[in-house]
Amino acid sequence: MSVQEKSAAGKGAIAGAAGGDTIAAVSSGRGGAVAVIRLSGPAAGDVVLALAGRVPEPRRAVLARLRHPDSGEPLDQGLVLWFPAPRSATGEDMAELQIHGGRAVVAAVLGAVLAVPGTRPAQAGEFTRRAFLNGRMDLTEAEGLADLIGAETQAQRRLAFSHAFGHLGQRVEDWRHRLVRAMALVEAGIDFADEDDVPAEARALARPEVEALQRELAQALGDRRGAMVREGALIAIAGLPNAGKSSLINALAARDVAIVSDEPGTTRDLLEVSLDLDGHKVMLVDTAGLREAEGKVEAEGIRRARARIAEADLVLWVHDVAAGPAPDEAPEMEAPAELWLVGNKLDRGAGGESVAGRWAGRSFAVSARSGEGLDVLTRALGGFVTDRTAGGEHPALIRERHRASAAEASAHLGAALAGWEELDDALLAEELRLAARALGRMTGAIGVDDLLDVVFREFCIGK
Ligand SMILES: Nc1nc2c(c(=O)[nH]1)N(C=O)[C@@H](CNc1ccc(C(=O)N[C@@H](CCC(=O)O)C(=O)O)cc1)CN2
Ligand SMILES: Nc1nc2c(ncn2[C@@H]2O[C@H](COP(=O)(O)OP(=O)(O)OP(=O)(O)O)[C@@H](O)[C@H]2O)c(=O)[nH]1
Ligand SMILES: [Mg+2]
């Protein structure tokens, strides 16, 4: 199906875009006491009539005996809802069957639904795709919904919620409208090319707006909090062999995820655990102890450890306090973004002394074995992530897709501003137009055929 380009508002319906099939799917998760089957499309009313014997008043739940349309066998008794177009989540006729959640019940009722002509199983994300094609939401809102459904932490939920209900979409539309106004000013020069004063004057009027837009894009691109909230802050646990890195990840995760042994060089592969710290997602990574490797496998483990450490937002350098005084600095690796010292094995007596110099304020004394000191470390980690993700309103550009569009727009604005005095009207307007297009792809207001599969494949079936 072809999505025509739309030049105006972000959320206009795309004519004929949603097609004539009626789609059906189980929209509830597995194993619940109640299951929801959703339907969208022109045969949704036929399905309700065929199974329930009548179509309820719009938007009112009614209890009905559901029968197979061919055999008449009663399958379940459940609640039926009818949402005639356009007042529905997809903008099409929709219906819901809220039935008992048993596997056989769900299979029987879904089978009966799909026995009605004109129906077929929905693909992943297809309800939301139809909502987009019918102008009910823009692409950034659809992505926000996918994030909302996938949110594991409260910070992820808050960010996803803001995007699902237009935080980025509205920003982009504001940027685009301002750009279009600036473009109109520049184009006024094209139309009035023979009247001497108009071009220069119109351009001069447009420039501050384009400069302001460029600043706002740069600011949004510079904000890295989105990735940290969505993907979690990456915290790498590094140190010499046997320092107790794997013991520490087990203690922090409160689960026995990593193999611990007194043999140096136990950990080879990277091992990642996701944690919820104060409502923030954190990815903890256990790594191989850094030393001259004794074999090929360990060497590869150390290579991977270094690569992950280099990407980390925070590195915990674990030091065995029983093995000697803390190093002045973490040996064996390049300076990471942020580095803390964790003196481990406090239960063995030594250590715990304050560490000066490089580590001041960023050193902790713990025992992964007894649990001593872990509460202080955990609180500090929570504080670190909270600090790094706090501040101002929610971040706007939270996916690579958003960043790529904004960067492309910014490049065109940069070209426009660099050539502001020299470019002829048509070329200057073209740069602004290309910037507006790049922004339009973010919300889906501009040709996005190629993007839809990427965006909607993230959803599960039934959404
Ligand atoms: N049972 C059930 N719960 C659900 C959903 C659902 O589809 N079914 N949702 C699935 O996403 C979410 C709610 N989203 C919805 C969004 C719009 C409309 C809707 O009917 N909108 C109409 C009418 C609005 C009104 O008048 O109140 C519209 O926007 O025109 C319904 C659900 C979460 N909970
Ligand atoms: N007494 C004491 N022993 C500990 C503590 N933490 C770890 N150990 C012991 O130290 C040894 C090494 O622990 P690991 O957690 O495997 O150390 P690692 O840093 O992951 O080692 P590699 O994977 O080989 O780099 C094991 O025998 C642990 O039981 C601690 O807090 N106190
Ligand atoms: Mg280990």
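In this predicted model, a polar backbone atom of Ala 368 sits 3.0 Å from an oxygen atom of ligand 2. Next door in the sequence, the side chain of Arg 369 brings an N or O atom to 2.9 Å from an oxygen atom of ligand 2. The protein covers 92% of the 650 Å² of accessible area that ligand 2 has on its own. Ligand 1 has 47% of its 670 Å² buried by the protein. There's also a magnesium ion, ligand 3, with two protein donors at 2.0 Å.

**Ligand 2**
- A total of 23 residues surround ligand 2, and the closest are Lys 245, Ser 247, Gly 265, Thr 266 and Asp 347.
- Lys 245 puts an N or O atom of its side chain 2.7 Å from an oxygen atom of ligand 2.

**The magnesium ion**
- Ser 246 donates through OG and Thr 267 through OG1, and both lie 2.0 Å from the magnesium ion.
- Ser 246 belongs to helix α9 (residues 245-253), while Thr 267 is in the loop between α9 and β8 (271-277), so the pair ties together parts that are 21 residues apart in sequence.
- Ser 246 counts as buried because its relative accessibility is 8%, below the 20% cut-off.
- Thr 267 is buried too, at a relative accessible area of 14%.

**Ligand 1**
- Who's around ligand 1? The residues are Arg 38, Arg 59, Arg 87, Ser 88, Ala 89, Glu 96, Gln 98, Arg 136 and Lys 463.
- By type, that shell splits into 6 charged residues, 2 polar and 1 nonpolar.
- Arg 136 has a polar side-chain atom 2.6 Å from an oxygen atom of ligand 1.
- For Arg 38, a polar side-chain atom lies 3.0 Å from an oxygen atom of ligand 1.
- Gln 98 works with a nitrogen atom of ligand 1 instead, with a polar side-chain atom 3.5 Å away.

**Helices α12, α13 and α6**
- Helix α12 (residues 400-418) runs for 19 residues and spans 26 Å from its first C-alpha to its last, close to the 27 Å expected at 1.5 Å a residue.
- Plenty to look at inside α12: its buried residues include Arg 401, His 402, Arg 403 and His 412, along with Leu 413 and Leu 417.
- Small side chains are on that buried list as well, among them Ser 405, Ala 406, Ala 409, Ser 410 and Ala 416.
- Arg 441 is in helix α13 (residues 425-443), and it counts as partly exposed at 23% relative accessibility.
- The C-alpha atoms of Arg 441 and Leu 139 are separated by 8.7 Å, though the two residues are 302 residues apart along the chain.
- Arg 178 lies in helix α6 (residues 167-191) and is buried, with 10% relative accessibility.
- The side chain of Arg 178 makes a polar contact with the side chain of Glu 209, at 3.4 Å.

**The end of strand β10**
- Asp 320 is found in strand β10 (residues 314-320).
- Buried or exposed? Asp 320 is buried, since its relative accessible area is 13% and the cut-off is 20%.
- The side chain of Asp 320 reaches the backbone nitrogen of Ala 322 at 2.8 Å.

Definitions and conventions
Residues numbered from 1 in each chain as written. Chains lettered and ligands numbered in written order. Predicted model: local features only at pLDDT ≥ 70, side-chain atom pairs only at ≥ 80, totals over all residues. Heavy atoms only, no water. Near = heavy atom within 4 Å. Polar contact = N/O pair within 3.5 Å; in protein donor to acceptor, adjacent residues only side chain to side chain. Areas by Shrake-Rupley, 256 points an atom, 1.4 Å probe, with all protein chains shown as cover. Nonpolar A, V, L, I, M, F, W, Y, C, P; charged D, E, K, R; others polar. Donors = N, O, S within 2.8 Å, 3.2 Å for Na, K, Ca; no water. Helix = DSSP H or I, 4+ residues; strand = E, 2+ residues; numbered from the N terminus. Buried < 20%, exposed > 50% of the residue type's maximum accessible area, 1.4 Å probe, protein only. Expected span 1.5 Å × (residues − 1).
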